[in-house]
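Here's a quick briefing to read alongside the model. Keep the viewer open and click through the residues as they come up.

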Amino acid sequence: MNQVRDRSNLTCAARAEGRSDEGLEERDNRYGLPLSGLWAPLILLRLAAGRIITGKPGRDALFLAARLIGARAMSILTLIVAAWLVDIEAFAEFGVYQTFASLAWIALFLRYEAAIVAAQTDEDAGQALRLCLVVGGALWIVFSVVAVGVGTSDLMRMQVALLLPLSNLARGILRLAFVVTTRIGDFKGLGRGSLVQALLQPTTLLILVLSPVEDTFCFVIADIVGHGGWAAYLVWRRRQHLRPLMQGWAKAALTDTARQWKNLPIYNLPASFLGLAFVLSPLLIMPIVADDVLAGHMALAYRIFDVPTQIITGASTPIFLNRLRPSADRANPIFHRHVMLGLIVVLGAAYAAMAGLLILADPLLNGTGLGNLAEVVPYVALFQLFVALAAPVGDSCALFPQQKRLMAIHGLAVLAGLAVVVLAPGPTPYGVLLSLALLSGLRTLALGELLHKLSSISRRAFTKAPISPAYPAP
């Protein structure tokens, strides 16, 4: 009994000091080995991996991932069916449309939406949401005018460009609804919303491709319906917040909120674009240094591994943001280094298994256009592994005011990737791929270290004195 009481007292003391329960393993662990010895790294790694898999964050992530896997599987199967019914040129035009929509989606709120999750009180989060509505409304008008300009050029037909404002509107509402839902921790709603999109978008696409509607418009309209349906579902789940949102509008409050989070548009927005540029760098660089066949194999392998990467990112990012966000009534957790190592071990095993299956299947592809795909698989798997890890870690860095180092990390990664191509004497395609994979790993480790420092600083600065809300919450 005394041992149990001592253990409980140690646990309470550790929590009061901001230490996790793993720190107590130094005195007592199932292996009977002191963590100060030679076994410390292995034991911490084992404990971190175990907590990732069996802990509540791991269960929440698996819950979300299961729904995202189902949603993605439905979308892929429908896309395969649709590919038999449409002209291949429609995919190229839709790709241009998606590029413009994705760029607008990143910049629409100037990254002020991150303040909704990062705000310490619900009242401040409500003011950040109102600021996003003002900024997003103004930029939506600007982007709509730009869309008309794009339609007058050779990049996109006017009929397709005129649908971009609808896409931006649907994606913008979805983004705001997503961050509000993430702040609340309604992961069930996020998962069900993804299934709503997975039902609406493929069904709409199949109906349209069987109709006289032109192929490109089928993809565009289905995209708008899918994102709009997901957004509508999340807004409906938060419908009780709509009336309070209409109250408490004040110019001074919006100005104060914009000034408080000014580092988001100044540093985090460029960091987002730089991060996207690095993630896409293999697709942009390989056609320059490799022949068409090898570049095509790399692009195919990239798309194959992009599926689990998107699922992992979609499942883990809301969990990271919700658990690490600062709060007025509790100290935020610290993102420990051994958690990053545990994530690398767990996800690394999954990507290694997937890469191994593709390599084993390579002999079956000999004599086809997919032969020798296995030559690029290890490099692409390593690159995508660290992309999957970097996404939630990098997004979580936006929860804290210090944003300069985040932009610097992404910027240095992009510059290093360009240096590999420009400065290296006669770079080989495989050398470039390996370099990009290693740079992806270094970028992820740097982001993990930055998140560790930012979360530690925020925890040390935490005070239990209540913060008086200045504005009504939505």
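**Quick briefing**

C218 is buried, since its relative accessible area is 0% and the cut-off for buried is under 20%. Keep in mind that this is a predicted model. The chain is built with 19 helices and zero strands, and the points below go from the whole chain down to single residues.

**The chain as a whole**

- Of the 474 residues in the chain, 46% are buried.
- Take the contacts between residues at least 6 apart in sequence: 81% of them join residues at least 24 apart.
- The accessible surface adds up to about 23,200 Å², and carbon and sulfur atoms account for 68% of that area.

**Cysteines**

- How many disulfides does a search of the whole structure find? The count is zero.
- C132 is another buried cysteine, because its relative accessibility of 0% falls under the 20% cut-off.

**The cavity**

- If you're hunting for enclosed space, there is one cavity of 30 Å³ or more.
- The largest cavity holds about 30 Å³ of space.
- Which residues line the largest cavity? The lining is made up of P282, M298, Y379, V380, F383, L433, L436 and A437.
- Two helices, α17 (377-397) and α19 (429-460), each give at least two residues to that lining.
- In terms of chemistry, the lining of the largest cavity has eight nonpolar residues, no polar ones and no charged ones.

**The loop between α4 and α5**

- L110 sits in the loop that runs between α4 (89-107) and α5 (114-118), and R111 is in the loop between α4 and α5 too.
- Worth a look in a Ramachandran plot: phi of L110 is near 55°, a positive value in a residue other than glycine.
- R111 also has a positive phi, near 70°, and is likewise a residue other than glycine.
- Is R111 buried or exposed? R111 is buried, because its relative accessible area of 8% is under 20%.
- L110, by contrast, is partly exposed, because its relative accessibility of 26% lies between the 20% and 50% cut-offs.

**R330**

- Where is R330 placed? Look in the loop between α15 (292-324) and α16 (337-361).
- R330 counts as partly exposed, because 28% relative accessibility lies between 20% and 50%.
- R330 and Q120 are 210 residues apart along the chain, yet their C-alpha atoms are separated by 9.4 Å.

**T257**

- T257 belongs to helix α12, which covers residues 251-260.
- At 6% relative accessibility, T257 is buried, because that value is under 20%.
- What does T257 touch, once residues up to four places away in sequence are set aside? Its partners are Q127, A128 and L131.

Notes: Residues are numbered from 1 along each chain as its sequence is written. This is a predicted model: local features need pLDDT of at least 70, side-chain atom pairs count only at pLDDT 80 or more; totals for chains, interfaces and linings use all residues. Side-chain values use heavy atoms; hydrogens and water are left out. A disulfide is a pair of cysteine sulfur atoms within 2.5 Å. Buried means under 20% relative accessible area, exposed over 50%, partly exposed in between (1.4 Å probe, protein chains only). On a 1 Å grid over the protein atoms alone, a cavity is a set of points where a 1.4 Å probe fits but cannot get out, and a pocket is an open set with protein on both sides within 12 Å along at least five of seven lines; lining residues have an atom within 4 Å of a point. Grid points are joined across faces, edges and corners, and a volume is the space filled by probe spheres set on the points. Helices (H or I, at least four residues) and strands (E, at least two) are DSSP runs, numbered from the N terminus. Ala, Val, Leu, Ile, Met, Phe, Trp, Tyr, Cys and Pro count as nonpolar, Asp, Glu, Lys and Arg as charged, and the others, Gly among them, as polar. Contact means heavy atoms within 4.5 Å. Accessible areas come from the Shrake-Rupley method with a 1.4 Å probe; for residues, only the protein chains shown count as cover.
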